[in-house]
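Q: I'd like a close look at one part of this model, the shell around the ligand. Which elements each supply at least two residues of that shell?

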Amino acid sequence: MGYRYEVYLAGAEPAQNGCVNGAGEGSDIFPRSLLKQLDWADYADKFRPAITAEQPGDGLLVRPLQKEDYDKGFLQLLGQLTEVGDISREDFLKRYEAMTACPSTYYPVVVEDEVKGQVVGAATLVIEQKFIHHCAVRGRLEDVVVSDDYRGKQLGKLLIAVITLLAKRLHCYKITLDCKDVMIPFYSKMGYTNEAGRANYMTIRYD
Ligand SMILES: CC(=O)SCCNC(=O)CCNC(=O)[C@H](O)C(C)(C)COP(=O)(O)OP(=O)(O)OC[C@H]1O[C@@H](n2cnc3c(N)ncnc32)[C@H](O)[C@@H]1OP(=O)(O)O
């Protein structure tokens, strides 16, 4: 099977085997225009009432992570997912810059409550470059979290849909995730499956 690897610059023509996240609005970590290019047709029946990345609900905005999210509760939000630690602004900005220095790799998406100026949801697409499948790329869905007060409003599903569609848009040949067993029903709702014979996830922890 032949997978063609193309990476798209912000609103520009595809650059074959190119590798640039490109500049976005403000300090967007990747071009916001990518979020406008997603094809929601497959998700039409998943959201009631209907929502998309462009219309996530009153006062809400789906956008790429920005440097300013340090002051909008992004790290505190991640703290509802797992241990984050005491991260200084300098450390946050260094990590942000390190991510932008790896072109076409990190796509953290957030949901902001624009009324409160708070980040209330987040998920990240990580793209891995491969030699296999004709130098294909694959995606990983990472760090999905919705703030306590905003759960049950379809934002978790919305973030998963955004990341999944973004991976397709960026020509990943597949996207995978790992999660606790109790979360399997949640991700199953959005089309993720345990493939027969390869549903294992193996780990060595160093911490
Ligand atoms: C790859 C990873 O990152 S795994 C880590 C996942 N993240 C976490 O566990 C962090 C803590 N939890 C959370 O942040 C949130 O509870 C999330 C992200 C799991 C769900 O966010 P929400 O915005 O509440 O989910 P949303 O409102 O979109 O619910 C979608 C559907 O999943 C269902 N659902 C929500 N949470 C769960 C769950 N824990 N288990 C099973 N189903 C669930 C809902 O009932 C809803 O079903 P419906 O479509 O039939 O009505």
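A: Helices and strands here are DSSP runs, with H or I over at least four residues for a helix and E over at least two for a strand, and they are numbered from the N terminus. With those names, the answer is β6, α4 and α5 (184-188), each of which supplies at least two residues of the shell around the ligand. β6 gives the most, with 6 residues.

Before going further, please keep in mind that this is a predicted model. Its scores are ipTM 0.95 and pTM 0.90, and the protein chain averages a pLDDT of 89, with 88% of the residues at 70 or above. The start of the chain is another matter: over residues 1-20 pLDDT stays under 50, although the model has 37 contacts there beyond four places in sequence. Where pLDDT is low, the predicted coordinates should not be read in detail.

Now to the shell itself. It holds 22 residues, and V144, V146, R151, G156 and K157 come nearest to the ligand. By class, the shell is made of 12 nonpolar, 4 polar and 6 charged residues.

To place the strand and helix that matter here, note that β6 spans residues 137-146 and α4 spans residues 155-169, with a loop between them. Q154 sits in that loop and has a positive phi, near 75°, in a residue other than glycine. Is Q154 buried, exposed or partly exposed? Q154 counts as partly exposed because 19 C-beta neighbours lie inside 10 Å, whereas a buried residue needs 20 or more. A second positive phi, about 60°, belongs to H134, which is not a glycine either. H134 is in helix α3 (residues 132-135), and it is exposed, since 12 other C-beta atoms lie within 10 Å.

The elements β6 and α4 also take part in the largest nonpolar core, which has 40 residues. Within this core, V109, A122, A123, L159, V162, I163 and L166 touch the most other members. At least two core residues come from each of α1 (74-78), β4 (106-113), β5 (118-129), β6, α4 and β7 (172-176), and α4 has the largest share, 10 residues. In soluble globular proteins, nonpolar side chains tend to be buried together.

A123 makes a good link between the two regions. Leaving out residues up to four places away in sequence, A123 touches V109, L141, D143, V144, L159, I160 and I163. One of these contacts, V144, is also among the residues that come nearest to the ligand.

Stepping back to the whole chain, there are 5 helices and 7 strands, in the order β-β-β-α-α-β-β-α-β-α-β-α. Of the 207 residues, 29% are buried. Among contacts between residues at least 6 apart in sequence, 62% join residues at least 24 apart. For the record side, an unreviewed UniProt entry annotates residues 60-207 as "domain: N-acetyltransferase". In the model, the end C-alpha atoms of that span lie 36 Å apart, and the span is 28% helix and 27% strand.

Two stretches outside the shell elements named above are worth a visit too. The loop between β2 (14-16) and β3 (60-64) contains P49, which is joined to R48 by a cis peptide bond with omega at about 0°. D28 is in that loop between β2 and β3 as well, and D28 is buried because 20 other C-beta atoms lie within 10 Å. Not counting residues up to four places away in sequence, D28 touches R63, P64 and Q66. D28 and Y107 are 79 residues apart in sequence, with 9.9 Å between their C-alpha atoms.

The other stretch is the loop between α1 and α2 (89-100), where V84 lies. V84 is partly exposed, since 13 other C-beta atoms lie within 10 Å. Apart from neighbours within four places in sequence, V84 is in contact with L75, L78 and G79. V84 and I175 are 91 residues apart along the chain, and their C-alpha atoms are separated by 25 Å.

Definitions and conventions: Residues numbered from 1 in each chain as written. Predicted model: local features only at pLDDT ≥ 70, side-chain atom pairs only at ≥ 80, totals over all residues. UniProt positions renumbered as here; feature names shortened; annotations may be inferred. pLDDT = per-residue confidence, 0-100. Contact = placed C-beta atoms within 7 Å. Near = placed C-beta within 6 Å. Nonpolar A, V, L, I, M, F, W, Y, C, P; charged D, E, K, R; others polar. Core = buried A, V, L, I, M, F, W, Y, C linked by C-beta atoms within 7 Å.
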